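Trainee: I have a new model open and don't know where to begin. Can you walk me through it?

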Amino acid sequence: MKWLRSKKGTLILTCVACALLLMSGIGSTRAALTYFSENYTAQVEMKDIGVTLVETSAQSTKDISSRDYTGSDDAWDTTQGELLSDMLEESDNKLQLGRAYREELSVKNSGTINEYVRVRIYKSWTNADGEKETSLSPSLIVLNLTNNGWILDEENSTEERTVLYWPSILTVGETTKPLSDTLTIDSSIGNKVTKETFVEDGVTKTTTKFNYDGVKFHLKAEVDAVQTHNAKDAIKSAWGVDVNVASDGTIALQ
Amino acid sequence: MKKNLLKNKTFWLAVVASGLCLSVSVPSAMAYFTTYVQAEGGYEITLGSETEIHEDVKDMTKEISLTNTGETDCYVRVKVFSGSQIDITYTSAVDGNGNAYWTKNDDGYWYYSEILKVNSSSEILKAKIEMDEDFKESFNVIVVQECTPVQYHEDGTPYADWNAKVDTKTDIGVQEAAQ
């Protein structure tokens, strides 16, 4: 290590120190420029994302739930509604098994930036105690899909869950085509009975119990939206899905 | 010399300083902008077709009507059983246009034309009983009533599926002589 103490060594160390100083200085300068540029870009492109779930029944078209970024302080404008609230007005407020009720679900871009959207539909049954009724198939809750542009992710869809992607960029203010048109509760649920025969006061009586009296069906829709910038990476990061992005922005599942 | 270098504090100081300067140039991480909404809805299924039969006997004529005591609307039908020595003549109540409420099919059942709504009663079907005097002391006339929940086509048109019927039989016993 004698060379370090020599004049040569001192000169080398001095040069290295100067080089390090220069590098850090240049970096700082770049950071300052980048900071101001990215901040400006963020305000224009990356904020104010918003999405709304829209439902059309026989009665009306309504915005059910929405969540829109307000543009400041990480605050969101949200509304929370309920699906199917007008459904029974078609049938004198009585649920009619087998009837195809009008039920059109679509998605609206209620933000100020373009986005990609997907919808996940969940169907289930609960019994009179509020617990999940596993003996009833969710397929008895028939939400008829329209297939008018929505991509069905068959690999990740089950009897209980349906996953759909809108393949195009949803521009600001635009609403997708409906992913469904009718909702029907299969009438076979009313045919499942248990009969008991007994003798009372010398008289033979038969009573019939409907196995699924008091069960409740549930339909749930979850809508996700993600920025269009860096679409492939954004969708992978947010949704865990690999997609191909065409030149016109159309996405396709890999 | 190499060992001396590794032990030299100045050397290591220079290494750390270089590392810190390099880390300044690493850009900060960025999150993707997303949002989501959800909504849910559903209804309870109410099932339970149940009917009660009412039989009034006047002058050897049974007046039969049914009441819906269940929780859902239903279609109903009845069938009358009797011995071969008994002749029965049926008369159905009619509506304002003269259409009979009860109609007999080839299967021997009398079908009520309208949906029997919850807590409502049907119009009367009369069964006039005729027999020889020898048999009037004691005879059996059994009325069987059946109901089936109203089902609907996709367009909301109601229909009855009698293969899915719920049968509720009347008491089976000896009918007393005419009052």
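Mentor: We'll take the contact between the chains, then a sheet, then salt bridges. Keep in mind that this is a predicted model.

Trainee: How many residues does each chain bring to the contact?

Mentor: Chain A gives 66 residues and chain B gives 43 residues.

Trainee: And what area is buried between them?

Mentor: About 4,800 Å² between chain B and chain A. Carbon and sulfur atoms give 61% of that.

Trainee: How many residue pairs are in polar contact there?

Mentor: The count between chain B and chain A is 19 residue pairs, both residues at pLDDT 80 or more.

Trainee: Which elements of chain B touch chain A?

Mentor: Those giving two or more residues are α1 (2-7), α2 (9-24), β1 (34-44), β9 (141-152) and β11 (166-169) of chain B. The largest share comes from β1(B), with 11 residues.

Trainee: What does that side look like by class?

Mentor: The side of chain B that touches chain A has 20 nonpolar, 16 polar and 7 charged residues.

Trainee: Back to β1(B). Which strand of chain A is joined to it?

Mentor: Strand β13 of chain A, residues 216-227. The two run antiparallel, joined by 11 bridges. For one pairing to look at, find A:K220: its bridge partner in β1(B) is B:E40.

Trainee: What holds paired strands together in general?

Mentor: Strands of a sheet pair through backbone hydrogen bonds, either parallel or antiparallel.

Trainee: How many salt bridges are there between the chains?

Mentor: Between chain B and chain A, the count is 1 salt bridge. The side chains of A:K94 and B:D73 form a salt bridge, at 3.4 Å from N to O.

Trainee: And over all chains?

Mentor: The whole structure has 16 salt bridges. One within chain A links the side chains of A:K62 and A:D86, at 3.3 Å from N to O.

Trainee: Where do A:K62 and A:D86 lie?

Mentor: A:K62 is in strand β2 (residues 61-69) of chain A, and A:D86 is in the loop between β3 (76-79) and β4 of chain A, so the pair ties together parts 24 residues apart in sequence.

Trainee: New topic: what is the strand order in the open sheet of 3 strands?

Mentor: The order is β4-β10-β7 in chain A, with antiparallel pairing. The edge strands, β4 (100-102) and β7 (141-145), each pair on one side only. Neighbouring strands of this sheet are turned by 30° against each other on average, direction ignored.

Trainee: How many bridges pair β7(A) with β10 of chain A?

Mentor: They pair over 5 bridges, in the antiparallel sense. Strand β10 covers residues 180-185. There, A:S180 is the bridge partner of A:L145.

Key:
Residues numbered from 1 in each chain as written. Chains lettered and ligands numbered in written order. Predicted model: local features only at pLDDT ≥ 70, side-chain atom pairs only at ≥ 80, totals over all residues. Heavy atoms only, no water. Contact = heavy atoms within 4.5 Å. Buried area = accessible area lost by both parts, 1.4 Å probe. Salt bridge = Lys/Arg side-chain N within 4 Å of Asp/Glu carboxyl O. Polar contact = N/O pair within 3.5 Å; in protein donor to acceptor, adjacent residues only side chain to side chain. Helix = DSSP H or I, 4+ residues; strand = E, 2+ residues; numbered from the N terminus. Nonpolar A, V, L, I, M, F, W, Y, C, P; charged D, E, K, R; others polar. Pairing = 2+ DSSP bridges. Axes fitted to C-alpha atoms, helices over the stretch in contact; angles between N-to-C directions.
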